[in-house]
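Here are some exercises to work through with the model open in your viewer. Try each task before you read its solution.

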Amino acid sequence: MGYILWVLIHCLGLIIICNNGVEASHKAYMHLQSTPAVNVKQVHRTGYHFQPTKHWINDPNGPMYYNGIYHLFYQYNPKGAVWGNIVWAHSVSKDLINWKKLDPAIYPSKPFDQYGCWSGSATILPGNKPVILYTGIIDKNNTQVQNYAIPADLSDPYLTKWIKPDNNPLIVADISVNKTAFRDPTTAWWSGDDGHWRISIGGRRRERGMAFLYRSRDFVHWVKAKHPLHSRGGTGNWECPDFFPVSVFGKNGLDTSFVGSGIKYVLKVSLDVTRYEYYTLGTYSNEKDRYVPDKGMIDGWNGLRYDYGNFYASKSFFDPSKNRRILWGWANESDSTADDVKKGWAGIQLIPRTILLDPNGKQLLQWPIEEVETLRGKKVELSNRKLVNGEKIEIKGITAAQADVDVVFSFDSLDKAEPFDSNWDRYDAQKLCSQKGSTVEGGLGPFGILTLASENLEEYTPVFFRVFKAKDEHIVLMCSDATRSTLKEGNGAYRPSFAGFVDVDLTEKKLSLRSLIDNSVVESFGVGGKTCITSRVYPTLAIYGNAHLYAFNNGTQTIKIDSLNAWSMNKPLKMNQ
């Protein structure tokens, strides 16, 4: 009596396959999974983002810093440019910019993972011993268990080979857990109070998203807590949970096991249904083993996101070499599957970001790691330049297809801010952006930059602000709009008007924007990283030397560019060769 139910999710054209209650979050193209790339097409490949030389990648897994080396594992199909045949690929770096490819660290080979080695995390145990926890698929019904792997030789600086001991699996779902939605163990945290390690594992109970909690004294024998770390009704399956502390007062990151005063906790989950990531800030105590979001936090689909664009399955880690927490995130392609197969590759990891608590205590701030600045080449500058309504100026002298742009806009008055219609959805910035695009004249905005633009603007991806006036406050909309990014037509492409609201004090009448532009990706950071948006785009004219960059204003309020700094971005010396 088996049946297959195809549920088309509106946001990404994602298809969830349900077969007798089994669910998986990637569409399986069985006939394409093992079709290797013959000729890898270079058009639209990134210049300075992390990606393998060919084929499919997705979730970043188990990032860590160990004995002077950064490690990144990631879900990878070594046989084709669509999801399938997944292994834990492994790359190492000394600077997070240049990467050396190693052999896969984990791949299906034993009964506890013979049908798949899915996502997980790394933890450094006492004695400076790293261990990986990952989800194994044990049968054709997609039954998920939690396994561990350890380095074969701790003296090997690259930790090239990993062993999967035969006492796996460590954790098997009990009768109360949906065993086909039980995955992605977090980095473990230690409590000296009771001598236990703790991890969380994502899942769901009916439509309630769950962050299950497990405890262990020895990292081998794990017991499920009576209550989850946290859960929320109506949110669907939780994937790739991440749980860590952030400092309320300091500028440094914190180790996952840090305990002390002046901290908040972050719980991030990736929602299978929406394919977006959401986080809350809150409190946690080992005694109660409960995470409680702060009062006023929206815990669900309208909540805070790391990124309001193409960004998923993220994973953070603490970098003790610079006392910072670093976030990795995956950006899938927005083109069709047929295009992915044709070009021979799919997916990138976005530029790693540092994570800090905003001084307002209500959200996180994200910013590209400082190492990316070592790739900056030729620089152009602009300052004190006014932009009247309908004006645009070209930023010349750099490689616009591969650039880093940092600009501060200012305005003399807020009086021309458009009224925020009370009928608009305060939480649906993307819908508002689709109605109020970069060419729709406003009062205070739209103003920003036109990235990956063709000379005559047949193609462009605008990143911009628009300011509205609500009853008691001003509302700032930030957009990264891919709807005009390409002249290419084709089924299966996804070109949304990504957007988010920016919680910012406009007393100084300034808004800042930084965008990392890299051939087919635009990563944008509004107001010091309060709101971040990533777009994947595929221009046909605005490629390589034919790409242009403009600053523009289509609002009746005159805008001034206080400062604009833009750099050509060089390629790393080594990217996964």
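**Exercise 1.** Which helices and strands each supply at least two residues of the lining of the largest pocket?

*Solution.* Keep in mind that this is a predicted model. Begin with the strands: β21 (277–285), β35 (474–481) and β36 (497–502) each give at least two lining residues. Then add the helix α2 (429–435), which also meets that condition. Of these, β36 provides the largest share, with four residues.

**Exercise 2.** Describe the space and the lining of the largest pocket.

*Solution.* Start with the volume: the pocket holds about 1,200 Å³ of space. Next, go to the lining, made up of 43 residues; nearest the centre lie Asn-302, Gly-303, Tyr-308, Tyr-427 and Phe-501. Finally, sort the lining by residue class, which gives 22 nonpolar, 11 polar and 10 charged residues.

**Exercise 3.** Classify the ring pair Tyr-74 and Tyr-76, then the pair Trp-189 and Phe-243.

*Solution.* The model has 35 aromatic pairs in total. For Tyr-74 and Tyr-76, the centres are 6.1 Å apart and the planes meet at 70°, so with an angle over 60 degrees the pair is edge-to-face. Tyr-74 is buried, at 1% relative accessible area, and Tyr-76 is buried too, at 12%.

For Trp-189 and Phe-243, 5.0 Å centre to centre and 55° between the planes make a tilted pair. Trp-189 sits in strand β14 and Phe-243 in strand β19, 54 residues apart, so the pair links distant parts of the chain. Both residues are buried.

**Exercise 4.** Which positively charged side chain lies over the face of Trp-567?

*Solution.* Look above the ring: Arg-376 lies over its face, 3.5 Å from the ring centre.

Note on methods. Residues numbered from 1 in each chain as written. Predicted model: local features only at pLDDT ≥ 70, side-chain atom pairs only at ≥ 80, totals over all residues. Heavy atoms only, no water. 1 Å grid on protein atoms, 1.4 Å probe; cavity = no way out; pocket = protein on both sides within 12 Å on 5 of 7 lines; lining within 4 Å. Points joined across faces, edges and corners; volume = space filled by probe spheres on them. Nonpolar A, V, L, I, M, F, W, Y, C, P; charged D, E, K, R; others polar. Phe/Tyr/Trp six-rings, centres within 6.5 Å; stacked < 30°, edge-to-face > 60°. Buried < 20%, exposed > 50% of the residue type's maximum accessible area, 1.4 Å probe, protein only. Lys NZ or Arg CZ within 6 Å of the ring centre and 35° of its normal.
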